[in-house]
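Dear colleague,

Here is the model we spoke about, passed on for your files. My notes follow below it.

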Amino acid sequence: SYAGADVPEFYEMVEALFTAEEAEINNLLSRKPALASDVAREAGRDEGELAALLEKMAHKGLCSTFLFEGKRYYQGAPFMPGIFEYQFIGGKVGEREKRIARLIHSYKSAYDATKGETKITFPMTRVIPVDRKISVKNAVHTYDQVATYISKYDTICVGSCYCRQAAKLRDEDIHGMPIDVCMWFGRMGENAVEKLGGRKVSKEEARKILDATEEAGLVHMSRNTSEDIDFMCNCDRWHCDVIKGVLRQPKPGLIFNSGFQPFFDKERCIGCETCIGRCPPQALTMGEAGVPVVDLDRCFGCAVCATGCEQDAIGMDQKPGFPAPPRTAQDLVAALKAKAASRSS
């Protein structure tokens with residue numbers, strides 16, 4: 001989450017993001033939603049003035065907010081996922097955004113250098129496969145289908161991918177990948193539309209956007225739960241913080257996966273190697289028989305290889321024994337704690 005590290009880059013970054021007054025109020029906000037009146041009482045401030053300040057912070061992407069039963073609630077947000085992403089959802093390209101993009105990048109680099117590489121012991125995120133490429137002999141669960149989440153929510157927001165937008169603002173090559181393709185659902189989507197410059201889209205438009213991401217070779221990614229997903233990122237191998245972090249692990253495919261793996265039709269495959277070039281984790285190589293072979297320790301099961309095959313020679317099969325994702329965010333937290341306890345015992 002890139003919680004504050006005591007390095008010079010941190011102070012330079014937060015001074016650009018927050019005013020002193022906003023930082024003071026931010027320190028009073030917790031992840032538990034609160035009314036402006038509650039925060040004002042704790043701060044010893046006038047409720048009207050405090051509410052106006054919270055609204056300003058929400059528009060700057062410094063906190064989250066939502067309406068519930070006609071009342072406006074506010075809650076603190078971590079740096080990531082949270083405040084860092086909120087800065088770029090609207091796709092602005094002004095001097096402030098360029099400076100923020102560089103300051104966040106500098107801080108994250110300093111943080112990583114200070115803390116060292118994090119070993120992932122249980123996946124916080126998961127890949128959602130391109131379900132139309134799954135072989136008909138497989139059972140396709142609802143959580144394996146992007147259509148599940150598009151159908152579930154009335155509010156769907158599309159905004160700029162934080163990773164590629166920030167890279168573009170730093171004048172880096174984004175390899176021709178689309179930017180305005182990441183999605184937020186439900187309350188998170190409402191916050192992105194109301195406060196952060198996101199764009200509300202219809203279910204039909206959302207499906208078309210996801211088709212475009214698959215054509216480009218992006219990976220569908222979300223929280224490692226089956227039910228309460230409220231965002232869907234569409235990620236590339238060059239800039240996505242999650243994918244870059246996963247690829248630094250000894251066996252990336254074991255901790256970031258869809259539960260599926262590719263198979264190759266030898267009769268259809270012409271050995272063009274398009275799939276090899278498209279593969280985000282670079283898990284494919286050409287075999288001696290002229291057909292690609294897959295390194296399952298690296299493979300994400302994303303089906304990017306299959307969507308790029310003009311010969312329709314690649315399909316996806318379920319990985320034997322692959323566990324279902326935790327059902328809810330609470331179940332995910334419990335699984336993380338259980339894994340940590342097992343390692344310490």
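Which residues does Met-13 touch, leaving aside those up to four places away in sequence? In this predicted model, the contacts of Met-13 are Phe-79, Phe-84, Leu-103, Ile-104 and Tyr-107.

Cores. Met-13 belongs to the largest nonpolar core, which has 61 residues. Together with Leu-54, Phe-84 and Tyr-107, Met-13 touches the most other members of that core. Helix α6, residues 95-115, supplies the largest share of this core, with seven residues. There is also a second core, separate from the largest one and made up of 19 residues. Its members include Ile-156, Met-183, Phe-185 and Met-232.

The loop before α6. Val-93 sits in the loop between α5 (79-86) and α6. With a relative accessible area of 48%, Val-93 counts as partly exposed, because the exposed class begins over 50% and the buried class lies under 20%. Not counting residues up to four places away in sequence, Val-93 is in contact with Lys-98, Gln-165 and Leu-169. Ser-37 is 56 residues from Val-93 along the chain, and the C-alpha atoms of the two are separated by 35 Å.

Cavities. How many cavities of 30 Å³ or more does the structure hold? There are two. The largest has a volume of about 100 Å³. Its lining consists of 14 residues, and those nearest its centre are Cys-269, Cys-272, Cys-275, Cys-309 and Ile-314. By type, that lining divides into ten nonpolar residues, three polar and one charged.

The second largest cavity has a volume of about 60 Å³. Among the residues that line this second cavity are Pro-262, Cys-279, Pro-281, Leu-284, Phe-300 and Met-316. Its lining holds ten nonpolar residues, one polar and no charged.

Strands β10 and β13. Pro-262, from the lining of the second largest cavity, falls within strand β10, residues 260-264. Four of the five residues of β10 are buried, so this strand is largely enclosed by the rest of the structure. Strand β13, residues 314-318, runs antiparallel to β10, and five bridges join the two. Within this pairing, Gln-261 stands opposite Asp-317 of β13. β13 spans residues 314-318, and two residues in that range have already come up: Ile-314, at the largest cavity, and Met-316, at the second largest.

Regards

Technical notes. Residues numbered from 1 in each chain as written. Predicted model: local features only at pLDDT ≥ 70, side-chain atom pairs only at ≥ 80, totals over all residues. Heavy atoms only, no water. Core = buried A, V, L, I, M, F, W, Y, C linked by side-chain atoms within 4.5 Å. Buried < 20%, exposed > 50% of the residue type's maximum accessible area, 1.4 Å probe, protein only. Contact = heavy atoms within 4.5 Å. 1 Å grid on protein atoms, 1.4 Å probe; cavity = no way out; pocket = protein on both sides within 12 Å on 5 of 7 lines; lining within 4 Å. Points joined across faces, edges and corners; volume = space filled by probe spheres on them. Nonpolar A, V, L, I, M, F, W, Y, C, P; charged D, E, K, R; others polar. Pairing = 2+ DSSP bridges.
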